[in-house]
Amino acid sequence: MGDLWANCVVFLACCSGFCFGSPNRCDEVRKVFQLRQIGPNQLLPLSPRPGSDLQVCMSKNLTCCTKKMEEKYQVAARRDIQNLLQTSSSGLKFLISRNVAAFHETFEVLIRQAENHTNAVLQESYGDMAVQAVGPVRELFTDISLFLLGSELNVDDLVQRFFDTLFPLVYNHLINPGLSDISPGYAECVRSSSRDVRPFGGVPGLLADQIARSGVSGKLLLQALHLGIEVINTTDHLQLSRECRRALLKMHYCPHCQGLTQSKPCMGYCLNVMRGCLASMAEIDNHWREFVRSLEGLSARMQGPQDLEQVLLGVHTLLHDAVGHAQKNGPRLSAQVHKLCGPPSRRPAQSASIQRSSSRASIPLKALVRASGDSLAIRRREFLNSLRLYRTFYGGLADQLCVSELASGDGLSCWNGTDIVKSYTLRVVGNGIKAQSANPEVKVKGADPVINQIIDKLKHVNQLLQGKSIPKLGSLDQIETGSGDTEGRYSGDCDDEDGCGGSGGGEVKRKVSRVSKLSPDVTGDHKHHHHHHRYPPADDSEVEGRSRSLGLAGAIWVLILPCFHMLLAL
């Protein structure tokens, strides 16, 4: 008994020297816990402790973590990944959003130019009549603008309404001119007779067809881009499964429990975790690639009769043809109107009339056309050249996050989920749902139903873009999807243990000001990328020192406990 007591005294002295002579690794954990605003410092133990109550970050060694810390770490791990997802997609989202706004603006500028151009040509050719036609021309182009930007207008109706309004002006000034204008009542009768006498031949139908064809293409382009934004919003707010959240905790923060605050996961380990967590997102890949190709195909078809710019800037030509057709058939039209409405009823003659010379436009026609040029086609081409760089975005996202942000560099010691090692030795699975059946780190139950829903929308819009299922004019609401930020509809199981409830699930996501390092055209070959580290990696000696420190501390406690029992017995 005396020998044992002496040994205990010596051992306690050694322990005392160890504890005070070495820095407490939990102090560094405390600093990082506070720096990243993971939770209150009161949750941390003052010194390493047994971790029998931990559910994910379990270890044979003593730990710097408590169960409450583990819950906070899980919330932080999920938040970190969602911030990374949003940061990585921010360039793509900005590209599409910016061009949606730009296309809207280009459409509006084009409408104004076409309206001015049409008025100028009419004034050059028809003088007084063109002055009275300014209102109907403005209404025509306003309706076209509303149609392009999403209103449910019937193109045939809006074009016919314009020509109905134009006919009394043509009749009054060109077919049956007089010293004064026809009366409002007679003008209304002439307008009503337009659809029976068909004064403009087939021009109204031709113009309606051209506007419909080119307009549907332009409208579909905008609708498709809105869907692209919805896809990004959906994946930015992807609801992570319980298995994924636990795997992220284990990969990101379980090393902190052992004092390894600067360690990074091994590349293979990171790939398994991220490919498992983003397996459903990888299923978007083929449909997103087809989406980009389909947009390119639609853009290539927007030529000739489907070139919106050419159609709008050519409205004046068709109007000229329409008025010419009416003039050529003047006697017939005059007789038909006389039969339907009687002889012309005119207003009292005015003392002064608007002179033809004063009503002619001073708009330089050639300059107008040149100012517009092929601005819409050029903008489409530039946009698609940029979008093409993102065609593999969803297929390689998990790999790119590991390569650029998360994993340790080649040749450096790394975290494998349990310990610091030289390399990860387990099998690395591929991307997509099917490949996850062999994933050693994350159990994937199946596809996310919200991702499946967005894939269905992509399939539908791809068919429309390819011309396989063109809907009726003005009925593109099948893919009118809004912002896509539908909080509360996302799938995935959630419980309080994982921080989705009272323990922090309601936290507002921190905004990420850091510029994304994600290359838009990602590949799965991580060996050819440079590695970027958010925190400097620990060197081998530091890592081994920490591991030995905590391991030795555990052994010391095992030997100290019998001594305490003896003291109590005495």
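The legends below describe close-up views of a predicted model.

**View 1. Helix α4, residues 128–148, and its bend.**
Helix α4 has 21 residues, and at 1.5 Å a residue these should span 30 Å. The C-alpha atoms at its ends are 31 Å apart, which agrees with that expectation. At valine 134 the helix bends by about 45°. A proline, proline 136, follows within four residues of the bend. Just after α4, glycine 150 has a positive phi of about 120°.

**View 2. Buried residues of α4 and what covers them.**
The buried residues of α4 are Met129, Ala130, Ala133, Pro136, Val137, Leu140, Phe141, Asp143, Ile144, Ser145, Phe147 and Leu148. Proline 136, which follows the bend at valine 134 within four residues, is thus listed here among the buried positions. The cover over these residues includes α3 (67–126), α5 (155–175) and α7 (203–236). It also includes α13 (308–313) and α14 (315–328).

**View 3. Surroundings of threonine 118 in helix α3.**
Threonine 118 has a relative accessibility of 0% and therefore counts as buried, the cut-off being under 20%. The side chain of threonine 118 reaches the backbone oxygen of alanine 114 at 2.8 Å. Leaving aside residues up to four places away in sequence, threonine 118 touches Val137, Phe141, Val315, His316 and Leu319. Of these contacts, Val137 and Phe141 are among the buried residues of α4.

**View 4. Buried and exposed sides of helix α2, residues 25–35.**
Cys26, Val29, Val32 and Phe33 are buried in α2. These residues cover an arc of only 120° around the axis, so they lie on the same side of the helix. Lys31, Gln34 and Leu35, on the other side of α2, are exposed. The buried residues pack against α3 and α9 (254–257). Glutamine 37, just after α2, takes a positive phi of about 55°.

**View 5. The aromatic pair of phenylalanine 167 and tyrosine 171.**
The count of aromatic pairs in the model comes to 13. In one of them, phenylalanine 167 and tyrosine 171 are arranged edge-to-face, at 6.4 Å centre to centre and with 70° between the planes. Both residues belong to helix α5 and are 4 residues apart, about one turn of the helix. Phenylalanine 167 and tyrosine 171 are both buried. They are also part of one aromatic cluster, formed by Phe162, Phe163, Phe167, Tyr171, Tyr186 and Phe200.

**View 6. The aromatic pair of tryptophan 288 and phenylalanine 291.**
The ring centres of tryptophan 288 and phenylalanine 291 are 5.1 Å apart and the planes meet at 35°, so the pair is tilted. For a tilted pair the angle has to fall between the limits for stacked, under 30 degrees, and edge-to-face, over 60. Both residues lie in helix α12 (residues 285–301), 3 residues apart, about one turn of the helix. Tryptophan 288 and phenylalanine 291 are buried.

**View 7. Arginine 198 in the loop between α6 and α7.**
Arginine 198 lies in the loop that joins α6 (184–197) and α7. The phi of arginine 198 is near 45°, a positive value in a residue other than glycine.

Terms used:
Residues numbered from 1 in each chain as written. Predicted model: local features only at pLDDT ≥ 70, side-chain atom pairs only at ≥ 80, totals over all residues. Heavy atoms only, no water. Helix = DSSP H or I, 4+ residues; strand = E, 2+ residues; numbered from the N terminus. Expected span 1.5 Å × (residues − 1). Bend = angle between axes of the 7 residues up to and from the residue. Buried < 20%, exposed > 50% of the residue type's maximum accessible area, 1.4 Å probe, protein only. Contact = heavy atoms within 4.5 Å. Polar contact = N/O pair within 3.5 Å; in protein donor to acceptor, adjacent residues only side chain to side chain. Phe/Tyr/Trp six-rings, centres within 6.5 Å; stacked < 30°, edge-to-face > 60°. Arc of directions from axis to C-beta.
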